Amino acid sequence: MTLISSVASGKIILTGEYAVVFGYPGIATPVSCATIISYTNSKEPLTITFRGIKPTERGEEYVRRVVELCEKEARKTFGGSLIIDNSIPLGKGMGSSTALVISVCRTLLGTDCEEAAKRIEDTVNPGNSGLDFAVIWRNEPVFFKKSTDPKSITLPNDLLTGAVLIDSGTPGETTPELVAWMKTREAEVHDALAQIGSCTERLAADGDLATIVREHHQAQLKLGVVTPRAGSLIANIQAAGGAAKVLGAGARTGGGGMILALGCDPKVIARISAEALFPCFPL
Ligand code: PMV
């Protein structure tokens with residue numbers, strides 16, 4: 001019996017949601033929550049145990065699908081015990097589904113499995129741009145543009161000092177569903193996508209993050225992926241002098257996903273938001 005352990009971090013997208021799918025650049029950074037896997041192999045049928053933030057039934061199916069795809073890649077069946085200890089909020093724009101793919105692949109296929117892991121990511125998260133995969137695989141801040149090699153980017157150390165994450169609930173749609181919807185609206189949302197691309201260029205050129213985040217949020221509103229409740233929360237943060245944006249794909253219905261808020265005292269944000277606040281620690 002051998003014990004193998006692997007880890008993959010969550011991420012936040014500073015700029016680039018949806019724009020990256022259409023070839024504009026984006027910037028993302030890993031953050032200090034993670035999926036940690038421990039696997040002990042044996043000839044017994046595989047058991048999967050969930051610890052930490054536990055998935056729904058649909059999430060458990062997703063994990064089993066990833067394991068099956070690893071078995072196809074490896075042309076063998078994996079037995080034994082797989083323990084998944086997760087601290088990445090699920091389905092809220094922080095990269096939980098890609099971190100799961102990468103950590104399971106590294107565990108079952110070995111650390112040198114980038115191409116196989118990418119194939120599995122494209123199967124279970126169809127339509128993805130590759131940004132989540134790039135930042136989580138590399139575990140460092142990246143400047144990403146589709147069809148080119150992701151580049152490491154050095155962000156100022158204090159970029160996210162005082163920033164908090166606000167959990168505005170689980171979106172009613174999955175990221176692949178929202179991406180597929182956005183692809184049907186490319187002409188209609190062209191200007192918003194270009195605006196998001198220009199936010200990335202300005203951040204890469206050391207622009208002021210709070211100013212960029214305010215403009216980025218306006219573009220996400222135009223894309224139609226900010227729920228009314230998330231939108232009014234963000235408007236209140238802006239009125240208090242801060243800046244905020246939805247992280248990841250956002251939502252059309254249900255909860256609004258995770259919101260990044262910065263530029264004003266976290267105590268002020270706590271007064272505005274009834275939701276739980278998490279400090280945001282980039283790696
Ligand atoms: O919801 P998340 O964390 O998977 O982020 C999605 C970001 C999108 O740009 C909307 C999609 C993508 O694949 O880049």
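Is Trp137 buried or exposed? Trp137 is buried, with a relative accessible area of 15%. That residue opens our tour of close-ups, all taken from a predicted model.

**View 1. An aromatic pair in helix H4.** Search the whole structure for aromatic pairs and you find one. The partners are Phe133 and Trp137, and they are stacked, with 5.7 Å from centre to centre and 10° between the planes. Both residues belong to helix H4, which covers residues 131-138. They sit four residues apart, or about one turn of the helix. Phe133 has a relative accessibility of 3%, so this residue counts as buried. Trp137, at 15%, is buried as well, because the cut-off for that word is under 20% relative accessible area.

**View 2. Two arginines and the ring of Trp181.** Here we look at Trp181 and the charges that sit over its ring. Arg185 places its charged end over the ring, 4.1 Å from the ring centre. Arg252 also has its charged end over the ring of Trp181, at 3.7 Å from the centre.

**View 3. Strands S3 and S4, with a helix along the way.** Strand S3 takes in residues 47-52, and strand S4 takes in residues 80-86. The two run parallel and are joined by six bridges. To get your bearings, find Phe50, which stands opposite Ile84 in S4. Now follow the chain: on leaving S3, the path goes through helix H1 (residues 57-74) before arriving at S4. This β-α-β crossover is left-handed.

**View 4. The buried face of helix H5.** Helix H5 spans residues 175-183, and its buried residues are Leu178, Val179 and Met182. Looking down the axis of H5, you'd see these buried residues fall within an arc of 100°, so they line one face of the helix. What do they pack against? Their packing partner is helix H7, residues 209-223.

**View 5. His217 and its contacts.** We stay with helix H7, since that is where you'll find His217. With a relative accessibility of just 3%, His217 counts as buried. Which residues is His217 in contact with, once neighbours within four places in sequence are left aside? The list reads Val226, Ile234, Gln238, Ala244 and Lys245.

How values were computed. Residues are numbered from 1 along each chain as its sequence is written. This is a predicted model: local features need pLDDT of at least 70, side-chain atom pairs count only at pLDDT 80 or more; totals for chains, interfaces and linings use all residues. Side-chain values use heavy atoms; hydrogens and water are left out. Rings of Phe, Tyr and Trp (its six-membered ring) pair if their centres lie within 6.5 Å; planes under 30 degrees apart count as stacked, over 60 as edge-to-face and the rest as tilted. Buried means under 20% relative accessible area, exposed over 50%, partly exposed in between (1.4 Å probe, protein chains only). A charge sits over a ring if NZ of Lys or CZ of Arg is within 6 Å of the ring centre and within 35 degrees of the ring normal. Two strands pair if DSSP finds at least two bridges between them. A crossover is right-handed if, with the strands pointing away from the viewer, the path from the first strand over the helix to the second runs clockwise. The arc is that of the directions from the helix axis to the C-beta atoms. Contact means heavy atoms within 4.5 Å.
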